[in-house]
Amino acid sequence: MANTKQPDLKEPGPSDNQLADFKKSHKSEQLTTGYGRPLGDRSTVMTVGPRGPLLLSDFPYIEDVQRFDRERIPERVVHAKGGGAFGVFEATDDLSDICKAQVFKKGSKTRVLMRFSTVAGESGSADTVRDPRGFAIKMYTDEGIWDLVGNNTPIFFLRDPFLFQMFIHSQKRNPQTHLKDPNMVWDFFSKHPMATHQFMFLYSDRGVPDGFRHMHGYGSHTFKMVNDKNEFFWVKFHFRTDQGIKNLDPTKAKILAGEQPDYALADLYNAIAKKEYPSWTVYVQVVTQEQAKNLPFNPFDLTKVFSQKQFPLRRVGKITLNENAENYFAQIEQAAFSPAHMPPGIEASPDKMLQGRLFSYADTHLHRVGTNHHLIPVNNPETNKNVKVCTYQRDGAMQAGHNHGGAPNYYRNTFNGPDVTDRNRHLEHATFESGMAARHEASDDDNYSQPRVFYRNVLDDRGRSHMIDNIAEHLQQCTDQDIVRRSVAVFANVDDDLGRRLAEKLKIEVLNKTSTPPTFRSKY
């Protein structure tokens, strides 16, 4: 007998009434062209007679269709599907002993934009799939833009940026069938055990968060902080949700993917519209140079975490989102984040993945949004009225600003062009790096010790069972059994119990485990 049960209908929220609310607060105005000419008609084109051909002189029509043909900019290669909102960061605790950045001055408030996203899917894909979530923050500080571009996971799949493009290809679509291909996903994993920690996090319950409001965020990378005494510290950023962690049951998530593919976007928008403002408490973990030297792993390895027992969380402040975007395209789609944007006092570490992103993100926006994307209001540092951009950069496509008027366009000059006024405060912290320039192999830098702690100590019995079920369900979709066996062998290196239980579910023999490499001793 056919199933006649109707799917549960979602309760209407503020997002469902947006147009009705607009109507209440706005009066209709005279329609114009994009250049401001009032129009007398917007329903019919100009033709030679009622059945004749169109005229090239019908500029209102020509202009309209030209603009329509160009409405889309290239979507992000990764993190294409996302939503965001504006709010405020309040520095609640004193951080001056480790960082001179003015954004951390106790009691100060800074306007922020946050964008949340999935990673692998396209712009129209569902936002309830098992996938890491992007967690990007743009702060309009008194010292320029600060972009902290993280995820909802404290680690990542890779430690070398040369592999990033290959990893993303494995998560995208098959080049011939244009279908998602589990063989690609798990083949890459089985050949790159450094991804083990992140894969286990991804296939745990936290791999499918319940919307964007109920997940933690992380800067993931190690960053450097510098204080007024020119002392430096290594830090990791944590953003802990004040709403509490909530995850979706995998079965419910799949149903939502079909019935409400914009579930997370709607949840965020409606919560803010109802003044149920989501917030995250901001923390840092602080590691001294001497402590970093003595860690049993590379402190700049993005597949590793700092123990919170050894390096406890130190509270910094709170981010509260209280303002929905007025226009999604202008303020969210065009938002350009780059981890290279940091105020004095916050700097990059030698983390190879971070170093690669310093170039890649900024380069992406030059292509995706344009040479002068920083002049778009959502990206403009002068959104903060205490900031004045003074540079010798000029011209370029869509130069919509003052282009620095008649100021000299070369440095140095004797005509009162911009110059350094406080070298000691604004100069980057000096670092000492030495070594042989080479392609240093790091694929075997202890890929299993921290995943073992995650499996044995972080997850409980229920969490371990769920993770195993989730991994097995996806591995079962592989048609190449050698990939399945190799993947299970990688997990067996984490824990014999994990390998055995996966093998039983998948009805295979566990391959011999690869030898665990010697413990890596940090050089820093």
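Here are five short exercises on the structure above, which is a predicted model.

**Exercise 1. Two helices that pack together**

Task: Describe how helix 4 packs against helix 14, and decide which angle class the pair belongs to.

Solution:
- Step 1. Let's recall what we need: two packed helices are described by the angle between their axes and the distance between the axes.
- Step 2. Find the two helices: helix 4 covers residues 182-191 and helix 14 covers residues 481-494.
- Step 3. Their axes are 9 Å apart and meet at an angle of about 45°.
- Step 4. Angles under 35 degrees count as roughly parallel, and 65 to 115 as roughly perpendicular. With an angle of about 45°, helix 4 is therefore oblique to helix 14.
- Step 5. To finish the picture, add the handedness: helix 4 passes helix 14 in a left-handed crossing.

**Exercise 2. A salt bridge between distant parts of the chain**

Task: Locate the partners of the salt bridge between glutamate 347 and lysine 224, and say whether they are buried or exposed.

Solution:
- Step 1. A search of the whole structure finds 27 salt bridges. In one of them, the side chains of glutamate 347 and lysine 224 meet at 4.0 Å, N to O.
- Step 2. Place each partner: glutamate 347 sits in strand 10 (residues 346-348), and lysine 224 in strand 6 (residues 223-226).
- Step 3. The two residues are 123 residues apart, and the pair links distant parts of the chain.
- Step 4. Both glutamate 347 and lysine 224 are buried.

**Exercise 3. Salt bridges within a helix**

Task: For the pairs aspartate 461 with arginine 464 and aspartate 497 with arginine 501, work out where the partners sit and how accessible they are.

Solution:
- Step 1. Start with aspartate 461 and arginine 464, whose side chains form a salt bridge of 2.5 Å, N to O.
- Step 2. Both belong to helix 13 (residues 461-475); because they are three residues apart there, about one helical turn separates them.
- Step 3. Use the cut-offs: buried means under 20% relative accessible area, and exposed means over 50%. Aspartate 461, at 55%, is therefore exposed, whereas arginine 464, at 14%, is buried.
- Step 4. Now take aspartate 497 and arginine 501, which form a salt bridge of 3.4 Å, N to O. They lie four residues apart in helix 15 (residues 496-506), about one turn of the helix.
- Step 5. Aspartate 497 has 25% relative accessible area, so it is partly exposed; arginine 501, with 23%, is partly exposed too.
- Step 6. Salt bridges with shared partners join Asp497, Arg500, Arg501 and Glu504 into one network.

**Exercise 4. Backbone details in loops**

Task: What is notable about the backbone at arginine 412, histidine 178 and methionine 398?

Solution:
- Step 1. The peptide bond leading from tyrosine 411 to arginine 412 is cis, with omega near 0°. Arginine 412 lies in the loop between helix 10 (352-368) and helix 11 (423-426).
- Step 2. Histidine 178 is not a glycine, yet its phi is positive, about 60°. It lies in the loop between helix 3 (164-171) and helix 4, and is exposed at 53% relative accessibility.
- Step 3. Methionine 398, also not a glycine, has a positive phi of about 60°. Its place is the loop between helix 10 and helix 11, where it is exposed, with a relative accessible area of 73%.

**Exercise 5. A nonpolar surface patch**

Task: Which residues make the nonpolar surface patch, and where is leucine 54 found?

Solution:
- Step 1. Val45, Leu54 and Tyr61 make the patch, which covers about 250 Å².
- Step 2. Leucine 54 is in the loop between helix 1 (18-25) and helix 2 (59-69).
- Step 3. With a relative accessible area of 49%, leucine 54 is partly exposed.

Methods
Residues numbered from 1 in each chain as written. Predicted model: local features only at pLDDT ≥ 70, side-chain atom pairs only at ≥ 80, totals over all residues. Heavy atoms only, no water. Patch = residues over 30% accessible without salt bridge, like charges linked within 9 Å, V, L, I, M, F, W, Y side chains within 5 Å. Areas by Shrake-Rupley, 256 points an atom, 1.4 Å probe, with all protein chains shown as cover. Buried < 20%, exposed > 50% of the residue type's maximum accessible area, 1.4 Å probe, protein only. Axes fitted to C-alpha atoms, helices over the stretch in contact; angles between N-to-C directions. Parallel < 35°, antiparallel > 145°, perpendicular 65-115°, else oblique. Left-handed = near helix turned anticlockwise from the far one by under 90°.
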